[in-house]
Amino acid sequence: MLTMDARALYLLLGVLLGASVQAMEPLSDAEMSDVQGAGLGFVLDQVLLDGSGAQIVINDITDRQGRNVPISLKNLYLGAAGSNKGSNLNPVIIGSLDHPFELELAKGEELRTLRDDGQWVQTTPSNITVLSFKFPERLTSGGSPCIASYAGAGSNCSSGASGRADLGMRFDFQVAAGRTEMLALDFHQLVMDGSYLRLWGDRGQNGNGELVGEARINIFAKTLEVMSCAQANCNTTGETAAQRGARTLYITNGYANIALGYGKSQPLRLRSSADGQFVMELQNPTSGAPTAAQRQALASDFYANAPRTNLVFENLTVGGTRSSPTAVPTGGYNFGRSEISGLSFNYLKVSSYDLR
């Protein structure tokens with residue numbers, strides 16, 4: 001049975017009218033009915049999610065023969081850091097009155113993105129209305145370490161130590177009759193400050209209306225464990241730590257800044273194909289310019305201001321066991337530090353396909 005603390009989704013609502021968010025306070029229904037504003041901010045106060053006894057099954061995903069390929073979500077949990085993979089859950093406060101989650105309709109010229117060099121830049125086109133959902137902000141000064149005791153991830157997160165969360169889940173994929181594959185993810189001290197999703201409408205190059213946008217997905221975690229099993233009826237409850245560790249990938253002090261779309265010249269295009277598949281595409285940022293001079297101007301702006309993608313794992317280990325939730329594992333194979341920095345996409349297309 002899926003359970004949730006009664007206070008888990010208590011939202012501290014306020015209207016963002018350009019005033020300081022310190023003025024936010026809970027509003028009654030009568031007060032809310034009189035509000036005229038651009039959006040709202042909220043904090044997740046004392047959130048605790050315990051799905052250890054629940055199972056969510058996703059159906060209606062079929063292969064080309066029309067057979068159902070169910071996906072089961074199990075062992076879902078969210079709580080304060082130190083939960084020992086959800087076995088000792090306590091509530092956590094995510095966001096703050098100073099730096100809440102924000103949902104708003106904004107003008108494109110008003111939105112800004114924090115570049116890796118600490119500069120705020122406009123990435124969305126002007127003269128459009130954007131639906132924006134933003135996580136707690138990243139800061140240029142006075143922030144907290146994004147990963148505790150690891151300076152490499154920066155110290156510009158607005159979430160303090162009490163705002164870190166443990167998050168975990170397990171997916172069971174029934175890929176064939178009698179065959180189930182499992183994937184389990186466990187994040188320790190997770191924070192996603194600075195992430196956002198922005199959406200707006202565009203006529204597109206073919207003149208047809210389509211949904212476009214841009215997204216920034218920031219993930220900072222003290223540790224991440226990824227465990228998989230390709231055996232039928234995989235059981236993780238009766239195994240020893242050594243058996244589980246043998247098929248676990250461990251990441252210590254890892255973070256990802258994933259940038260998808262630069263609205264001015266390379267918006268993220270979202271659509272469905274003629275056969276019903278989902279398509280996500282980033283076109284060449286200069287593809288819409290008719291002259292060489294215009295293409296050069298677009299390219300110069302794109303490479304100077306478009307957010308980049310960074311993937312950093314301070315320690316990557318396959319196999320072995322941890323002596324504590326934040327320790328580098330012993331045993332297994334240690335790949336050490338891995339980093340991809342400053343990655344940009346000149347062209348990217350991702351599409352769903354029917355399972356065979």
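A cavity, sought on a 1 Å grid over the protein atoms alone, is a set of points where a 1.4 Å probe fits but cannot get out, and its volume is the space filled by probe spheres set on the points. In this predicted model, local features need pLDDT (the predictor's confidence in each residue, from 0 to 100) of at least 70, side-chain atom pairs count only at pLDDT 80 or more, and totals for chains, interfaces and linings use all residues. Residues are numbered from 1 along each chain as its sequence is written, and side-chain values use heavy atoms, with hydrogens and water left out.

**Cavities**
- The largest cavity holds about 70 Å³ of space, and the search of the whole structure finds two cavities of 30 Å³ or more.
- Residues lining the largest cavity, that is, with an atom within 4 Å of a point, include Tyr-262, Gln-266, Phe-302, Leu-343 and Phe-345.

**Helix H3**
- Helix H3 (a DSSP run of H or I, at least four residues) covers residues 292-305 and reaches 20 Å from its first C-alpha to its last.
- Ala-299, Phe-302 and Asn-305 of H3 are buried, meaning under 20% relative accessible area with a 1.4 Å probe, protein chains only.
- These residues lie on the same side of H3 because they cover an arc of only 165° around the axis, taken from the directions from the helix axis to the C-beta atoms.
- On the face turned away from that buried side, H3 carries Ala-292, Ala-293 and Gln-296, which are exposed (over 50%).

**Confidence**
- The protein chain has a mean pLDDT of 85, with 83% of its residues at 70 or more.

Conventions. Helices (H or I, at least four residues) and strands (E, at least two) are DSSP runs, numbered from the N terminus. The expected span of a helix is 1.5 Å times one less than its number of residues. On a 1 Å grid over the protein atoms alone, a cavity is a set of points where a 1.4 Å probe fits but cannot get out, and a pocket is an open set with protein on both sides within 12 Å along at least five of seven lines; lining residues have an atom within 4 Å of a point.
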